[in-house]
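This report describes how the helices and strands of one model are arranged. It begins with a single residue and works outward to the sheet and the packing of the helices.

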Amino acid sequence: MNTEQLTVTGMTCEHCVASVTEEISEIPGVEAVQVDLPTGAVTVTSNQPLDPAAVRAAVEEAGYQVS
């Protein structure tokens, strides 16, 4: 299992959390996504190493930025 942590900016509500979670979950190998709305902390658990560019692209597709 691989775990990566990042900070996402711009999220203001549970809909934002759901959007980010959904987009990241579509990356092959992702097992779980946990988002802490107040801090913007996102923890991604996967069964293989993740491409940071793919994670960033997923967050941007949801309409937010990785800081």
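In this predicted model, E31 has its place in strand β2. With a relative accessibility of 47%, E31 counts as partly exposed, because that value lies between the 20% limit for buried and the 50% limit for exposed. Leaving out residues up to four places away in sequence, E31 touches M1, T45, S46 and N47. Its C-alpha atom is 18 Å from that of A57, a residue 26 places away in sequence.

One of the residues touched by E31 is T45, which is found in strand β3. When neighbours within four places in sequence are set aside, the contacts of T45 are with M1, N2, T3, G29, V30, E31 and A32. T45 and Q5 are 40 residues apart along the chain, and their C-alpha atoms are separated by 8.9 Å.

**The sheet**

The strands that hold these two residues belong to an open sheet of 4 strands, arranged in the order β2-β3-β1-β4 with antiparallel pairing. Strands β2 (30-36) and β4 (65-66) stand at the edges; each has a single partner strand, so one side of each is left without a neighbour in the sheet. The pairings are set out below, each with a pair of residues that stand opposite each other.

| Strand pair | Sense | Bridges | Residue pair |
|---|---|---|---|
| β2 and β3 | antiparallel | 6 bridges | V33 and V44 |
| β1 and β3 | antiparallel | 6 bridges | E4 and V44 |
| β1 and β4 | antiparallel | 2 bridges | V8 and V66 |

V44 of β3 appears in two rows of the table, since this residue is the bridge partner of V33 and also stands opposite E4. As general background, the side chains of a regular strand alternate between the two faces of the sheet.

**Helix packing**

Which strands does α1 touch where this helix packs on the sheet? Helix α1 is in contact with β1 (2-9), β2 and β3, and the direction of α1 makes about 160° with that of β2.

Helix α1 (residues 14-25) also meets helix α2 (residues 52-62), and the axes of the two come within 8 Å and cross at roughly 140°. In general, two packed helices are described by the angle between their axes and the distance between the axes. Angles over 145 degrees would count as roughly antiparallel and those from 65 to 115 as roughly perpendicular, and α1 and α2 are therefore oblique to each other. Their crossing is right-handed. On the α1 side the contact is made by S19, V20, E23 and I24, and on the α2 side by A58, V59, E61 and A62. By type, the residues of this contact divide into 5 nonpolar, 1 polar and 2 charged.

Is S19, a residue of helix α1, buried or exposed? S19 is buried, because its relative accessible area of 17% falls under the limit of 20%. Apart from neighbours within four places in sequence, S19 is in contact with A62 and Y64, and A62 is one of the residues through which α2 makes its contact with α1.

Taken together, α1 packs on the sheet through contacts with β1, β2 and β3, and the axis of α1 also crosses that of α2 at roughly 140°.

Methods
Residues are numbered from 1 along each chain as its sequence is written. This is a predicted model: local features need pLDDT of at least 70, side-chain atom pairs count only at pLDDT 80 or more; totals for chains, interfaces and linings use all residues. Side-chain values use heavy atoms; hydrogens and water are left out. Axes are lines fitted to C-alpha atoms, for helices over the stretch in contact, and angles run from 0 to 180 degrees between N-to-C directions. Angles under 35 degrees count as roughly parallel, over 145 as roughly antiparallel, 65 to 115 as roughly perpendicular and the rest as oblique. A crossing is left-handed if the near helix is turned anticlockwise from the far one by less than a right angle, and right-handed if clockwise. Contact means heavy atoms within 4.5 Å. Ala, Val, Leu, Ile, Met, Phe, Trp, Tyr, Cys and Pro count as nonpolar, Asp, Glu, Lys and Arg as charged, and the others, Gly among them, as polar. Buried means under 20% relative accessible area, exposed over 50%, partly exposed in between (1.4 Å probe, protein chains only). Two strands pair if DSSP finds at least two bridges between them.
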